Amino acid sequence: MHLFSAMFLLLMLSTIPCEALYPSPEEGWQIYSSAQDADGKCICTVVAPAQNMCNRDPRSRQLRQLMEKVQNITQSMEVLDLRTYRDLQYVRDTENLMKTVDGKLKTASENPRSLNLKSFQELKDKVTQLLPLLPVLEQYKADARMILRLREEVRNLSLVLMAIQEEMGAYDYEELRQRVLLLETRLHSCMQKLGCGKLTGVSNPITVRASGSRFGSWMTDTMIPSSDNRVWSMDGYFKGRRVLEYRTMNDFMKGQNFVQHLLPHPWAGTGHVVYNGSLYYNKYQSNIIIKYHFRSRSILVQRSLSGAGYNNTFPYSWGGSSDIDLMADENGLWAVYTTIPNAGNIVISRLEPQSLEVLQTWDTGFPKRSAGESFMICGTLYVTNSHLAGAKIYFAYYTNTSTYEYTDIPFHNQYSHISMMDYNPRERVLYTWNNGHQVLYNVTLFQVIKTAED
């Protein structure tokens, strides 16, 4: 993929939603919202490389190699120049000696009788003085071969540089790289202005890894802002205590550089969430929520979710002790569950992250056993109608207005059995565990950028 052909500006109507693309491991590309019109609405998206993309670009490596070759050639030329200057001085110093030897040889050739023992010895001494000149002449021959080799390397470098220039056009590569980095900074700045939006689409799945059993959960920290790049994986849906912590997403993909946390109490279900460095999970065979701090490896708080069903009383359609589903979005920490007084319908509660106190509760009226999975985006609960192939996002409940609507947002359930689906507001992607595969989905939100005047 060429840098020029891949970086393009796609103009869009203000009614078209802005999209944030989570880069696939193979691509390393991201889409950011990049501008707004006079009304503050997002009107375009830009495809731009990640910050280290230019460093990984084959042409960048090729240019660095060419620069190294040029540097080597320059050093060789400097050495050659110094050596030639030194040897030339030596030749000039022996010039008179060579003329003397040449004269004596001519005299001896014209009059052999004049060459007595004394004259022969003098001539021999003079020739002996000229012997050090032989290595100098040999070095001259070696230098001549080096000059030919350097000339050939310069010719090859010229051909390669001409090919790169033809491919890249009139732009200077380093200048272009700086422009891309500047553009990316501006795009990130614009991205920070993006507000909440309504879900309008889900991308094709991006399979990050195949690991673990059929059921499980995996996640990154959902706190905004956060520079924490760790990834956590929890295999299984009941009685598990082992949490694997990977240093980066790349380490998770390769299954390397991880540490293990052994939770004090086992978990139930797959509805766990990491928020601001702590794991929130449902304690096995109870409606107790536990906040486990990774750094101190200790429980900071635990609290019962009053009236919430547990132990497969009100699970999602796939079962798996998924009675209590914890999640986070742009508005904070949430619990999705149901109670007997609510007749098995989904209940949403917003939680205080420090104390786990319930701040507010909503009854959605949607039966939880008819839901495959659910997730929160910008205070709206989105519910799928199945965990199997053919599933779609079927229902949305808006906590800001206490209203709901039925939706029809399809997505590709590639491995046919989703046991975990959670939104990460920091990355604006959906994390899913699908039949032993860890999969990401990009989401398309209808967003309006708020300006200072609004």
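This passage describes selected strands, buried residues and loop positions of a predicted model.

In the predicted model, β11, β12, β13 and β14 follow one another in that order in an open sheet of 4 strands, and the pairing is antiparallel. The edges of this sheet are taken by β11 (273-275) and β14 (298-304), each of which has a single partner strand, so that one side of each is left without a neighbour in the sheet. Direction ignored, neighbouring strands of the sheet are turned by 25 degrees against each other on average. The pairing of β14 with β13, which covers residues 288-293, is antiparallel and extends over 6 bridges; within it, K291 has V301 of β14 as its bridge partner.

A second antiparallel pairing involves β23 and β24, the latter formed by residues 429-434, and it also comprises 6 bridges. In this pairing, Y423 is placed opposite L430 of β24. The two strands form a hairpin in which 4 residues lie between them, and the turn includes R428, whose phi is positive at about 55 degrees. Strand β23 is mostly covered, with 7 of its 7 residues buried. One residue of β23, which spans residues 418-424, is M421, and its relative accessible area of 2% falls under the 20% limit, so M421 counts as buried. The surroundings of M421, with residues up to four places away in sequence not counted, consist of contacts with E373, S374, F375, T384, F411, Y431 and T432. For one of these, S374, the separation in sequence is 47 residues, whereas the C-alpha to C-alpha distance from M421 is 6.6 Å.

Two further buried strand residues carry polar side-chain contacts to tyrosines. S349 is located in β17, which comprises residues 345-351, and its relative accessibility is 0%, so this serine is classed as buried. Its side chain makes a polar contact of 2.7 Å with the side chain of Y337. Y337 also appears among the residues that S349 touches beyond four places in sequence, the others being L333, W334, A335, V358, Q360 and T361.

R209, in turn, belongs to β6, formed by residues 206-210. This arginine is buried but has no salt bridge, and D235, the nearest side chain of opposite charge, is 9.7 Å away. Because a salt bridge requires a side-chain nitrogen within 4 Å of a carboxyl oxygen, the separation of 9.7 Å does not qualify. The side chain of R209 is instead joined to that of Y246 by a polar contact of 3.2 Å. With residues up to four places away in sequence left out, R209 is in contact with Y246, F252, M253 and G255, and additionally with G436, H437 and Q438.

Positive phi values are found in loop residues as well. C378 is not a glycine, yet its phi is positive, near 55 degrees, and the residue is situated in the loop that runs between β19 (374-377) and β20 (380-384). With a relative accessibility of 14%, C378 counts as buried. S402, likewise a residue other than glycine, has a positive phi near 55 degrees and occupies the loop between β21 (392-398) and β22 (403-410). Its relative accessible area, however, is 44%, and S402 is therefore described as partly exposed.

Key. Residues numbered from 1 in each chain as written. Predicted model: local features only at pLDDT ≥ 70, side-chain atom pairs only at ≥ 80, totals over all residues. Heavy atoms only, no water. Pairing = 2+ DSSP bridges. Axes fitted to C-alpha atoms, helices over the stretch in contact; angles between N-to-C directions. Buried < 20%, exposed > 50% of the residue type's maximum accessible area, 1.4 Å probe, protein only. Contact = heavy atoms within 4.5 Å. Polar contact = N/O pair within 3.5 Å; in protein donor to acceptor, adjacent residues only side chain to side chain. Lys, Arg positive; Asp, Glu negative; His and termini not counted.
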